[in-house]
Amino acid sequence: MTSGIMVCILVAIGVYLVGMLVIGLIYSKDQSNAGDFYLGGRKLGPIVTALSTEASDMSAWLLMGVPGLAFFCGIAEASWTAIGLIIGTYLNWLFVAKRLRRYSVKVNAITVPDFIARRFRDNTKIIETFGAVMIIVFFVVYTASGFVACGKLFSGLFGFDYTAAMLISAIVIVAYTSLGGFMAASVTSLIQSIVMTVTLIVVVIFGINVAGGWDQVIANASEIPGYLDMFSRTSIESTEAAAYAPLDIASTIAWALGYFGMPHILTHFMAINDENKLKTSRRVGTVWVVISLAVAVVIGIVGYGMAKAGAIEMFASSSAAENLIPSVAQIIASHGAFFAIIAGILLAGILAATMSTADAQLLAAASGVTHNIVTDVLGIKLSDKKSMLIARIAVICIAVLGVLFALDPESSIFSIVSFAWAGFGATFGPIMLFGLFWKRCNKWGAIAGMFSGAAMVFIWKYAIAPMGGVLAIYELLPAFVISCIFIVVVSLLTKAPDAEIVAEFESVSK
């Protein structure tokens, strides 16, 4: 890549990054208290709610992890994961969004642990403390995946030092998030969803052309046993395919369960200005997710066709194949200055995917420190000014931990995200559903469900799944089931909720 082409790409990316910082500065003037910082004063409109929610959901793995997995392993795992995510997205909007918006206003909650604790009148502070700790732990891991994506992007494309590239990206994300809070994160996520969409469309059209047309793409993919089979497990190195069994499918679709416990998604539901507009948000958000995930899988297949045509390298692993879109951008940039700017916009799409998730995660994690632990659990009374200051410091500290976790450039974005997704899904998902829809559920069931779900994620991943066979399934599925069992059994074995809690539940259910 010539220095002139590199400058054009960097200018396009630089303009994008400066734009994000400007948005942060604009919205920093509207942050007067914690409610504004964490929920934007519940002022989000339906379109911003829809696209910012889904952009914060579809992190860098949409543009790097999914195409890389499809490139190296064929369509089965990537497609079943996409199907699970689509199902989870729709059901979350359909069943959780409106009820959570209404209930969170009723109990005056601005964070997920806050809502669960107030829903069950937990005066022990166990729910809020444990919930905040789990948010911090899993968001450090999740945020790290975004920093890994940024590091891989700039080191692979420009030869920059991986650590330096990761740090610069993290600084920009932290800057606009800590300045503008939730509204800055939401508005930038709206813009980022558009940039991500443009990236997906341009890459798939360009890739098909370079690979020799759609028929040639399919012909190349068909040469690999099971590559285009939804019921086969394979890779570009395999000489024969294994069965992608029903248990594998159920395990992969279990990604859907994670949605019910994602704090950075649930807070968007809590922040909309009118619960009656959520139907519009649901339709817009679901359509965007369906199209984006479908195109991401297709890009993986097209990428293999490009590699067969000699346009890009034949990646040796699914982790290496996560550099597919940056490789395509490099080819586009080689056609001149104008195309280099286009390539810069495509690469900004990857940054957009990273930033739109990382900013929402940093805010949710910071809320766990400031609002849940410092204010509610420790009982330290803070002025609005001090609360905002601590919130911003918390964003910076959590980002630093994420950077430390992301120092290994060989980390797989898809693997990191899947573990954090399981952690949130099993810790918060079951109790969120039972808390919203089962009035007999009580605080002891909630505590038991949260602890058992979180523990089982670690136990299954590191102790049970390595045994192999039918036990080698995605840890979210067994952990979610175990949590549900604990919630029901413990709630039924302990005292029923007080009349006041039941009356509040019924008033929200009308």
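Start by selecting Phe269, which counts as buried at 1% relative accessibility. Keep in mind as you click around that this is a predicted model. Phe269 belongs to helix H12, which covers residues 263-271.

Now add Val96 to the selection. The C-alpha atoms of Phe269 and Val96 are separated by 8.3 Å, though their positions lie 173 residues apart along the chain.

Next, bring up helix H5 (residues 75-106) together with helix H20 (residues 499-509). What should you look for in this pair? Two packed helices are described by the angle between their axes and the distance between the axes. Here the axes of H5 and H20 come within 10 Å and cross at roughly 135°. H5 and H20 are therefore oblique to each other. Turn the view until one helix lies over the other, and you have a right-handed crossing.

For a second pair, select helix H13 (residues 278-308) and helix H14 (residues 324-333), whose axes come within 11 Å and cross at roughly 55°. That angle makes H13 oblique to H14. As for handedness, H13 and H14 make a left-handed crossing.

Last stop: the surface. Select Ile396, Val400, Leu401, Leu404 and Leu407, and you'll have a nonpolar patch of about 430 Å². Then pick out Leu407 from that group. Where does Leu407 sit? Look in the loop between helix H16 (384-405) and helix H17 (413-437). With a relative accessible area of 40%, Leu407 is partly exposed, while Phe269, back at the start of the tour, is buried.

Methods
Residues numbered from 1 in each chain as written. Predicted model: local features only at pLDDT ≥ 70, side-chain atom pairs only at ≥ 80, totals over all residues. Heavy atoms only, no water. Patch = residues over 30% accessible without salt bridge, like charges linked within 9 Å, V, L, I, M, F, W, Y side chains within 5 Å. Areas by Shrake-Rupley, 256 points an atom, 1.4 Å probe, with all protein chains shown as cover. Salt bridge = Lys/Arg side-chain N within 4 Å of Asp/Glu carboxyl O. Helix = DSSP H or I, 4+ residues; strand = E, 2+ residues; numbered from the N terminus. Buried < 20%, exposed > 50% of the residue type's maximum accessible area, 1.4 Å probe, protein only. Axes fitted to C-alpha atoms, helices over the stretch in contact; angles between N-to-C directions. Parallel < 35°, antiparallel > 145°, perpendicular 65-115°, else oblique. Left-handed = near helix turned anticlockwise from the far one by under 90°.
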